[in-house]
Amino acid sequence: MLMGDLYRFQDLLSPDEAGVVARVRDFLTTQVTPLANDYWARAEFPFELVKGFADLGIAGAPQSNLLSGWLALEMARADASMATFYGVHAGLAMGSITTCGSPEQQERWLPAMRTFEQIGAFALTEPTGGSDVAAGLRTTARQDGDTWVLNGAKRWIGNATFADLTVVWARDLADDQVKGFVVEKDTPGFTATKIENKIALRIVQNADITLTDCVVPAANRLGNARTFKDTSKVLRATRSGVAWEAVGVMLAAYEIALDYAKEREQFGRPIGKFQLVQDLLVRMLGNVTGALGMCVRLAQLQDAGEFKDEHSALAKAYTTTRMREVVGWAREILAGNGIVLDYDIGRYVADAEALYSYEGTREINTMIVGRAVTGLSAFI
């Protein structure tokens with residue numbers, strides 16, 4: 001049982017699901033966590049871990065939303081970068097093909113993606129646009145016989161420097177609707193350049209992508225991706241995954257701070273005996289518990305088929321905001337030791353900033369919820 005799971009939410013998992021979580025947690029604890037700080041400092045990706053992720057057998061496996069959410073939590077608790085790597089591959093890329101691909105396309109790509117023989121990326125965000133992507137997408141697609149020609153640019157695309165398959169979203173010049181295309185590695189006209197000098201999720205290999213007369217076979221256009229509403233179906237599901245990741249980061253920060261408070265001595269006693277330190281720890285635990293409860297209920301609604309945009313939007317906005325507070329309080333408890341990688345918390349503080357921003361900013365998610373509760377849209 002996790003130290004921060006005070007209300008024992010993990011008990012809601014079935015025995016089989018709990019066994020999967022235990023197996024994944026063991027892999028993360030023994031294989032991922034020991035490497036995280038080193039690779040984070042060097043901004044490099046630990047390719048030797050890919051086989052371990054494949055051996056877990058969880059990518060694309062039939063599972064409840066509660067289990068898939070808990071696995072996202074476990075990954076982010078170990079390292080937010082590796083959670084993002086997995087989320088981009090198994091969530092955004094595989095999710096796009098599962099949601100928007102034809103049966104033939106699913107059979108063509110998903111088996112190799114489940115075993116990580118082929119790794120996926122998801123290219124939606126552009127250099128000149130982020131929150132306005134629905135109306136402002138500039139990457140274009142033009143049909144030319146039995147091919148499509150893509151032109152444009154993408155930015156912040158995780159996994160893109162080494163991905164075998166990149167799902168690219170582009171606006172069809174013929175009908176002005178957003179469509180999805182699977183661009184295979186080494187396709188002429190497709191270039192991915194690593195973004196350097198990041199201060200968050202440094203292990204994730206984010207890229208700038210340029211598409212210059214990039215010719216894609218018609219068979220690579222996702223058959224059920226006809227408008228941005230179809231893109232949104234993918235984002236709705238993955239946004240809830242980011243909420244779970246935020247809880248994982250909070251749990252890690254709380255655990256680090258709690259252990260430190262019990263061991264670090266000042267004025268002849270552990271700092272955990274001081275009232276102000278206990279106050280911070282309890283605030284952290286309250287945030288963890290509230291956010292975890294929200295995510296659990298969200299997963300239950302998903303499993304019941306009662307899942308709406310505002311459910312995932314509120315969860316993402318709330319949990320990432322609470323996460324920012326928790327990592328800040330944890331760093332406060334560690335004082336100067338909180339800004340070096342030796343004590344881990346510095347990595348979580350930095351990575352939290354990326355989780356706070358991607359998959360929809362707090363402001364955009366707030367307006368999604370606001371529209372749902374008032375019936376009035378504040379979007380421009």
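Start by selecting Arg 347 and Asp 79: the two form a salt bridge, with 2.7 Å between the closest N and O atoms. A salt bridge here is a side-chain nitrogen of Lys or Arg within 4 Å of a carboxyl oxygen of Asp or Glu. This pair ties together distant parts of the chain, since Arg 347 lies in helix α10 and Asp 79 in the loop between α3 and α4, 268 residues apart. Helices (H or I, at least four residues) and strands (E, at least two) are DSSP runs, numbered from the N terminus.

Before moving on, keep in mind that this is a predicted model: local features need pLDDT of at least 70, side-chain atom pairs count only at pLDDT 80 or more, and totals for chains, interfaces and linings use all residues. Residues are numbered from 1 along each chain as its sequence is written, and side-chain values use heavy atoms, with hydrogens and water left out.

Now colour the pair by accessibility. Buried means under 20% relative accessible area, exposed over 50%, and partly exposed in between (1.4 Å probe, protein chains only). Arg 347 counts as buried because its relative accessibility is 1%, and Asp 79 is buried too, at 0%.

**More salt bridges**

The whole structure holds 21 salt bridges. Select Lys 154 and Glu 126 next, whose side chains meet at 3.1 Å, N to O. They also link distant parts of the chain: Lys 154 sits in strand β3, and Glu 126 in the loop between β1 (120-123) and α6 (133-136), 28 residues apart. Lys 154 is buried, with a relative accessible area of 0%, and Glu 126 is buried at 6%.

Then go to Asp 175 and Lys 179, a salt bridge whose closest N and O atoms are 2.7 Å apart. Buried or partly exposed: which is Asp 175? At 38% relative accessibility, Asp 175 counts as partly exposed, whereas Lys 179, at 7%, counts as buried. To see a network, select Arg 25, Glu 74, Arg 77 and Glu 255, which are joined by salt bridges that share partners.

**Along helix α1**

Arg 25 is one of the buried residues of α1, so leave it selected and show the whole helix, residues 15-42. The expected span of a helix is 1.5 Å times one less than its number of residues. For the 28 residues of α1 that gives 40 Å, and the end C-alpha atoms are 39 Å apart, which agrees.

Where does α1 bend? Look at Ala 36, where the helix bends by about 45°; the bend is the angle between axes fitted to the seven residues ending there and the seven starting there. Other buried residues to show in α1 include Phe 27, Leu 28, Tyr 39 and Trp 40. Their cover includes α2 (50-56), α3 (65-78), α4 (80-100) and α10 (345-357).

Step just past the end of α1 to Ala 43, which has a positive phi of about 55° although it is not a glycine. Most residues other than glycine have a negative phi. Ala 43 is in the loop between α1 and α2 and is buried, with a relative accessible area of 11%. Compare Ala 335, in the loop between α9 (309-334) and α10, with a positive phi of about 50°. Ala 335 counts as partly exposed, at 39% relative accessibility.

**Into the core**

Next, select Phe 53, Phe 85, Trp 169, Trp 244 and Ile 333. These have the most contacts inside the largest nonpolar core, which has 107 residues. Such a core is a set of buried Ala, Val, Leu, Ile, Met, Phe, Trp, Tyr and Cys residues joined through side-chain atoms within 4.5 Å. Its largest share, 18 residues, comes from helix α7 (residues 228-263).

Zoom in on Ile 333. Among the residues it touches are Ala 257, Tyr 260, Leu 281 and Met 284, not counting those up to four places away in sequence; contact means heavy atoms within 4.5 Å. A second, separate core of 18 residues includes Ala 123, Ala 160, Val 168 and Val 183.

**Finish at the strands**

Finally, show strand β2 (residues 140-144), joined by 5 bridges to the antiparallel strand β3 (residues 147-157). Two strands pair if DSSP finds at least two bridges between them. Arg 142 stands opposite Val 149 in β3. The hairpin has 2 residues between the strands, and Gly 145 there takes a positive phi near 65°. On to β4 (residues 165-172): this strand runs parallel to β2, with 2 bridges joining them, and Asp 172 is the bridge partner of Ala 141.
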